[in-house]
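Me: Hi! I have a model open and would like to talk it through with you. Could you bring it up on your side too?

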Amino acid sequence: MSTTTRLLHCPPEDVFDVLSDGWSYATWVVGAARIRDVDRDWPSVGARIHHSVGAWPLLLSDTTSVEAVEEPHMLQLRARAWPTGEARIVIRCEPQGDATLVTIEEWAASGPAAKVPQGVLDPALHARNVEALKRLAYLAESRARRHDDSGGHGGVPKLRRPGSAADPRDEA
């Protein structure tokens, strides 16, 4: 299993806002070429993102589904990219003061990729997830700057509603 971590300078809610926007996955998930559709109830258990991976003209179209969710702290996914196989991904968001430690655990769950030795597969997954966490940080941290009323600009629409318990502006 590959494990990759990064400290993001924003609260878990801002990270989860990005994770909750299935249309943003092609922006931060390395290898995702495009999002074709997102189930309306994403990221509830069973909801799917319909994506394509690879580079044109060699694209594989498949889905990623939610297996478990504990908003805003954990999202467990099953990513399909047949004929290569399926991967299980667990994304954890742990508060660290004003920041969030984000951990991605990923491993081949089935198919031909599951037969590749961990010592070969893990370094490639880790390198990919280092870049994915960097991209996720850009999105989540820009969202946090937008929320602090300092004039920052974020690229992902806000999903939390003003007045909700998850809205950090209500704590002031």
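Me: Thanks! How much space lies in the largest pocket?
Reply: The largest pocket holds about 690 Å³ of space. A pocket here is an open set of points on a 1 Å grid over the protein atoms alone, where a 1.4 Å probe fits, with protein on both sides within 12 Å along at least five of seven lines. The volume is the space filled by probe spheres set on the points, which are joined across faces, edges and corners.

Me: Which residues are closest to its centre?
Reply: A79, A87, I89, E106 and R128, out of 33 that line the pocket. Lining residues have an atom within 4 Å of a point.

Me: Before I go on, what sort of model is this?
Reply: A predicted one: local features need pLDDT of at least 70, side-chain atom pairs count only at pLDDT 80 or more, and totals for chains, interfaces and linings use all residues. Residues are numbered from 1 along each chain as its sequence is written, and side-chain values use heavy atoms, with hydrogens and water left out.

Me: Back to the lining, which element gives the most?
Reply: That's α3, with 5 residues. Helices (H or I, at least four residues) and strands (E, at least two) are DSSP runs numbered from the N terminus.

Me: And how does the lining split by class?
Reply: There are 22 nonpolar, 7 polar and 4 charged residues. Ala, Val, Leu, Ile, Met, Phe, Trp, Tyr, Cys and Pro count as nonpolar, Asp, Glu, Lys and Arg as charged, and the others, Gly among them, as polar.

Me: New topic: how many bridges join β5 to β6?
Reply: 7, and the two strands run antiparallel. Strands pair if DSSP finds at least two bridges between them. L75 has I91 in β6 as its bridge partner. The hairpin has 5 residues between the strands, and G85 in the turn has a positive phi of about 130°.

Me: What about β6 and β7?
Reply: They pair in the antiparallel sense over 11 bridges, with E94 opposite L101 in β7. Their hairpin has 2 residues between the strands, and G97 takes a positive phi near 65°.

Me: T100 sits in β7 too. Is T100 buried or exposed?
Reply: Buried, because its relative accessible area is 0%; the cut-off is under 20%, with a 1.4 Å probe and protein chains only.

Me: What is T100 in contact with?
Reply: Leaving aside neighbours within four places in sequence, its contacts (heavy atoms within 4.5 Å) are R6, L7, L8, C10, P11, P12, V15, C93 and E94.

Methods
Buried means under 20% relative accessible area, exposed over 50%, partly exposed in between (1.4 Å probe, protein chains only).
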